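User: Could you take a close look at how the protein meets the DNA here? I'd love one connected walk through that part.

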There are 2 protein chains.
Amino acid sequence: MAKTTSDDHRDPDLIAVQAGSAAASEMTRPAGLDRDRILTAAIAFIDENGLSALTMRRLGATLGVEAMALYRYVPGREDLLDGVVDRVVETLFDKDDGDDIYVEDHNGWQDYLMRLAHGVRRIALAHPSVFPLVASRPPAAPWVRPPLRSLRMVESFLGTLTDAGFPDQAAVAAYRAYSSFLLGHLLLEVTQLGAQVSLLDQPEGDPEAQANTDLTQFPALLRTEKLLSRDKSAAEFEEALENLLDRLERVLRETRASDGDAGDLA
Amino acid sequence: MAKTTSDDHRDPDLIAVQAGSAAASEMTRPAGLDRDRILTAAIAFIDENGLSALTMRRLGATLGVEAMALYRYVPGREDLLDGVVDRVVETLFDKDDGDDIYVEDHNGWQDYLMRLAHGVRRIALAHPSVFPLVASRPPAAPWVRPPLRSLRMVESFLGTLTDAGFPDQAAVAAYRAYSSFLLGHLLLEVTQLGAQVSLLDQPEGDPEAQANTDLTQFPALLRTEKLLSRDKSAAEFEEALENLLDRLERVLRETRASDGDAGDLA
DNA sequence: ACCTGAACACCGTTCAAGT
DNA sequence: ACCTGAACACCGTTCAAGT
């Protein structure tokens, strides 16, 4: 390895980071520090080294600069993280970015909800180490529900459903159900991604023996182990999404039948 | 306030903590340090001061001891947090603890799933600042899905469903759907709890004016603001849970009709 | 046996000083 | 105008030393 500072019982993160940053600082010199460049660097850093490895000092090094220089452009670490979350979430609206995932022009509300769900899932899978942050940073307003984090997203969601004939109350209920579904599914999906790599990182003893910790006490587990290990995230996501859409469709139809204010859902 | 160390642009957490810890250290002196006592103290600390305020040094102070003493009983901070999570999760199985929420003896699998859901929800609401940890700590095995975090819980879940006639595959699919639902719902619920208090904590400017940040650009939001602010978490939880149970019941019935291996669900 | 003091390598953050 | 050095108050963690 490179120049590490003598004593060696340190955070395992450090090793990877220090090895990488030397090379990285060469390329990014072009100066012109900038809030945007800092956020980009922070996201890349988290993607590569994990959230816990991100410090102001290390991020500075990545940009060829001392940590203190960052404070010209970012009020502090917490704000940096908020910025990272906003940035990542807003890539949803970047034209050119994806395979036809524009949430703006759509064919009906079902299509809209599917595009939105797939778009957010794409983000989560692209930045698995950032997503927990998307899920857990305190929202701007109390009724903003992660992972739908911006006023713009909430507005577009509610606007689309109410335009499609959902009464306000039903649209709000749908917003809540939808955000719960997205959060639960995607957070579990990225968590499991993280678990995969962290198992490969630290192979204490042989990797086989560790996993089989006397499952003999747990017959049902033992029996379904193969099933449990099979990853069906994509299919499950689809199935749960379709199920939610069916439920909403039912609500909408019932609303139309008895044209009062019956769209409660909760 | 009390004795704070001169300069005062510090983490807002600190103020509350220091004020409290002086009083607390008086009572807890009875020595006899102990892993159990440390975990209990850590949970209480997080409940009162939030996760970010928990440091080894501060926790030590709470127990009338220097931070270094903790290392006799706990390998390190990360392990401490794992211990906290295990401890909180396992209160589910404590007899005497709750109003008839025993997951072990039940009347049918639906009853079991309802008790389990309500039990986990009770935990989440009792320790809203701990729950994000329950949700995000890397699980012991890759197929352990938060917030159902222990082998014991997974075993009991799968055992109950398969005993009730679910084919293994359907039981596993149910386990996945159920954990996603719980995680999404409860994480959002505690997040919103946290948002409430953090709004009261830092009232910059008048608390009214801040919230109304030119919502004029967001008509649907503006129109539904009242609806959005109304908290219906409990009812929504119930409704989503019942919906999930209905879905599972359908799967089970279909399985029984065509008694093959049709219980796919995913 | 159990706790502490002192030390080490790191943090975030401020601010006067350099260019 | 933009960055840095030095400093401050804090971290987690180790280890020899105290009782």
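Analyst:
**Where protein meets DNA**

A phosphate oxygen of DNA strand C is 2.9 Å from an N or O atom in the side chain of A:Y71, a polar contact, meaning a pair of N or O atoms within 3.5 Å; within protein, one must be able to donate a hydrogen and the other to accept it, and residues adjacent in sequence count only if both atoms are side-chain atoms. Before going on, please keep in mind that this is a predicted model, in which local features need pLDDT of at least 70, side-chain atom pairs count only at pLDDT 80 or more, and totals for chains, interfaces and linings use all residues. Residues are numbered from 1 along each chain as its sequence is written, chains are lettered from A and ligands numbered from 1 in the order in which they are written, and side-chain values use heavy atoms, with hydrogens and water left out.

Let's stay with strand C. A:R58 also reaches the backbone of this strand, with a polar side-chain atom 2.5 Å from a phosphate oxygen. B:R72 meets a base instead: an N or O atom of its side chain is 2.9 Å from a base nitrogen of DNA strand C. In total, 19 residues surround the strand, and the closest are A:R57, A:R58, A:R77, B:E66 and B:Y73; a residue is near a strand if one of its heavy atoms lies within 4 Å of it. Looking from the DNA side, 54% of the strand C atoms within 4 Å of the protein belong to sugar or phosphate, and the rest to bases.

Which elements build this surface? At least two residues each come from α3 (56-62) of chain A and α4 (67-70) of chain B, where helices (H or I, at least four residues) and strands (E, at least two) are DSSP runs numbered from the N terminus. The most comes from α3(A), with three residues. By class, the surface near DNA strand C holds nine nonpolar, three polar and seven charged residues; Ala, Val, Leu, Ile, Met, Phe, Trp, Tyr, Cys and Pro count as nonpolar, Asp, Glu, Lys and Arg as charged, and the others, Gly among them, as polar.

Now for DNA strand D, which 20 residues surround, the closest being A:E66, A:Y73, B:R57, B:R58 and B:R77. Of the strand D atoms within 4 Å of the protein, 55% belong to sugar or phosphate and the rest to bases. A polar side-chain atom of A:Y73 lies 2.8 Å from a phosphate oxygen of DNA strand D. Backbone atoms take part too: an N or O of A:E66 is 2.8 Å from a phosphate oxygen of this strand, and one of B:M56 is 3.1 Å from a phosphate oxygen. Two or more residues of the surface near DNA strand D come from α4 (67-70) of chain A and likewise from α3 (56-62) of chain B. The largest share, three residues, belongs to α3(B). This surface divides into nine nonpolar, four polar and seven charged residues.

One last stop is B:L54, in the loop between α2 (35-49) and α3 of chain B. B:L54 is buried, with a relative accessible area of 2%; buried means under 20%, exposed over 50%, and partly exposed in between (1.4 Å probe, protein chains only). Leaving aside neighbours within four places in sequence, B:L54 is in contact (heavy atoms within 4.5 Å) with B:F45, B:I46, B:L59, B:R77 and B:L81. Among those partners, B:R77 is also one of the closest residues to DNA strand D.
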